[in-house]
Amino acid sequence: MSSQAMFARPQEVSPAAYSTLSLTVGNTPLAFISEPFVPGGGGFWAKLEGFNPGGIKDRPALHMVRQARARGELAPGATIIESTSGTLGLGLALAGIVFGHPVVLVGDVGMEPLMCRLLTSYGVRLEIVTEPHPVGGWQQARRERVHRLLADLPGSYCPDQYNNPDNVDAYAGLAHELLAQLPNIDVLVCSVGTGGHSAGISEVLRRHFPHLRLIGVDTVGSTIFGQPARPRLMRGLGSSIHPRNVAYDAFSEVHWVSAAEAAWACRALAARHYISGGWSTGAVTLVSRWLARTTPGQTIVAIFPDGPWRYWNTIFDDEYCQRHGLLDTTPAEEPDLLPAPSEREVHRWTRCTHVMDPLAGTR
């Protein structure tokens, strides 16, 4: 039996069925977050990407697969193999159903039980790595498993979300939705993981608003913006590798946020506005709240990558939060200020206006 025959091939979906499924992705709502969460009468707009079936990464998953098929890199019925912490996996599961491809995803032991069950219920074959890479952490460990699977399964395809420019291009639609929803945008606040949505949205918006400020939000312990790699509790933002889709020169500044600070923001936002999400949403919320308070009169847009449902047994679980020291932490009113990313290691909410590629000059 060939390696390709190890996986059942879903039937190709008709164009009519694809049109129906595609209507469920995009056209997500905006919500204005102000009093009581943002004191002083200011506020910011939140783009609620949790209204997509699987979250924000439904957009790049469908686009990367569609483009790979158009270029002939992904043959009809061939297997898609990728690394994921969860959200892109949901998008690839959708893309596999839409376009008729088996999907194999590589996660790690930090993936939530609910996410594992959802992915397998959507027909995904899920592989879990149990040890982090000594240098590249869980992401590098997952990517090495992906490379082995690709070698074992001739004809398979990896979208490579960290470096694939189609990941960036996929967010043009989201940017155009914002242009239709708001007459002006001064500040865009995005969490940064692969770098896809911050690069893709800001590139389009700057054609209309040349003075747009892009604020990146990372997690403490992430290497993306030049901090040392450390074990990280938060998933969905941050990285222990250096994705090439991160548009370093597009950022006005970067903020690092700790897990306890992000959890506080998620819970406070939920209690006051009936809107919330996961780690990325909490981190972006904390920064956007500060921007709304300190830059009055600016139109600020924050991208909320997903909703809260996935985090019922982490962020919204008192026992989990107590075990990880996430309760009884109220963030400072102001972030700490770091003159340069490598000056010192940060442990709490910190901002830096000197953004550079940590690999610049080494390639």
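This passage describes the confidence, the strands and helices, and several individual residues of a predicted model.

Across the chain the pLDDT averages 91, and 93% of the residues score at least 70. Over residues 1-16, by contrast, the pLDDT is below 50, although in the model this stretch has 32 contacts beyond near neighbours in sequence. Where pLDDT is low, the predicted coordinates should not be read in detail.

The description of the fold begins with an open sheet of eight strands, in which the pairing is mixed and the order is β1-β2-β9-β6-β7-β8-β11-β10. The edges of this sheet are formed by β1 (30-33) and β10 (336-337), and because each of them has a single partner strand, one side of each is left without a neighbour in the sheet.

Within the sheet, strand β6 (residues 187-191) runs parallel to strand β9 (residues 300-304), to which three bridges join it, and in this pairing L188 of β6 stands opposite V301 in β9. Helix α8 (residues 196-208) packs on the sheet, where it touches β6, β7 and β9, and its direction makes about 165° with that of β6. Strand β6 also pairs with β7 in the parallel sense, over five bridges, and here the bridge partner of L188 is L214 in β7. Residue L188 can thus be followed to a partner in β9, V301, and to a partner in β7, L214. Taken together, β6, α8 and β7 make a β-α-β unit that is right-handed.

Strand β7 (213-219) is in turn joined to β8 (253-257) by five bridges, and these two strands run parallel; one of the facing pairs consists of I215 and its bridge partner in β8, E253. Six of the seven residues of β7 are buried, so this strand is largely enclosed by the rest of the structure. A further helix, α7 (residues 172-181), lies across β1, β2 (44-48) and β9, and runs at about 135° to β2.

Another parallel pairing is found between β3 and β4, which are linked over four bridges, with L105 in β4 as the bridge partner of E82. From β3 the chain crosses through helix α3 (residues 87-99) to β4, and this β-α-β crossover is right-handed. In a regular strand the side chains alternate between the two faces of the sheet. In strand β3 (residues 80-83), I80 and E82 point one way while I81 and S83 point the other way, and all of these residues are buried.

Strand β4 (residues 103-108) contains G107, which counts as buried because its relative accessible area is 0%, whereas the cut-off for a buried residue is under 20%. The C-alpha atom of G107 is separated by 5.9 Å from that of S85, a residue 22 places apart from it along the chain. When neighbours within four places in sequence are left aside, G107 is in contact with T84, L126, E127, I128, V129 and R142.

A second buried position, T223, lies in the loop between β7 and β8. The relative accessibility of T223 is 7%, and T223 therefore counts as buried. A polar atom of the T223 side chain lies 3.2 Å from the backbone oxygen of I241. I241 also appears among the residues that T223 touches, which, not counting those up to four places away in sequence, are P228, A229, S239, S240, I241, H242 and P358.

Some features of the backbone remain to be described. Most residues other than glycine have a negative phi, and most peptide bonds are trans. The peptide bond from E35 to P36, however, is cis, with omega near 5°, and P36 has its place in the loop between β1 and β2. A positive phi of about 55° is found at N27, although N27 is not a glycine; this residue is placed in the loop between α1 (15-22) and β1, and with a relative accessible area of 67% N27 is exposed. Phi of Y274 is likewise positive, near 60°, in a residue other than glycine. Y274 is found in the loop between α9 (259-273) and α10 (279-294), and at 80% relative accessibility Y274 counts as exposed.

How values were computed:
Residues are numbered from 1 along each chain as its sequence is written. Side-chain values use heavy atoms; hydrogens and water are left out. Buried means under 20% relative accessible area, exposed over 50%, partly exposed in between (1.4 Å probe, protein chains only). A polar contact is a pair of N or O atoms within 3.5 Å; within protein, one must be able to donate a hydrogen and the other to accept it, and residues adjacent in sequence count only if both atoms are side-chain atoms. Contact means heavy atoms within 4.5 Å. Two strands pair if DSSP finds at least two bridges between them. Axes are lines fitted to C-alpha atoms, for helices over the stretch in contact, and angles run from 0 to 180 degrees between N-to-C directions. pLDDT is the predictor's confidence in each residue, from 0 to 100. A crossover is right-handed if, with the strands pointing away from the viewer, the path from the first strand over the helix to the second runs clockwise.
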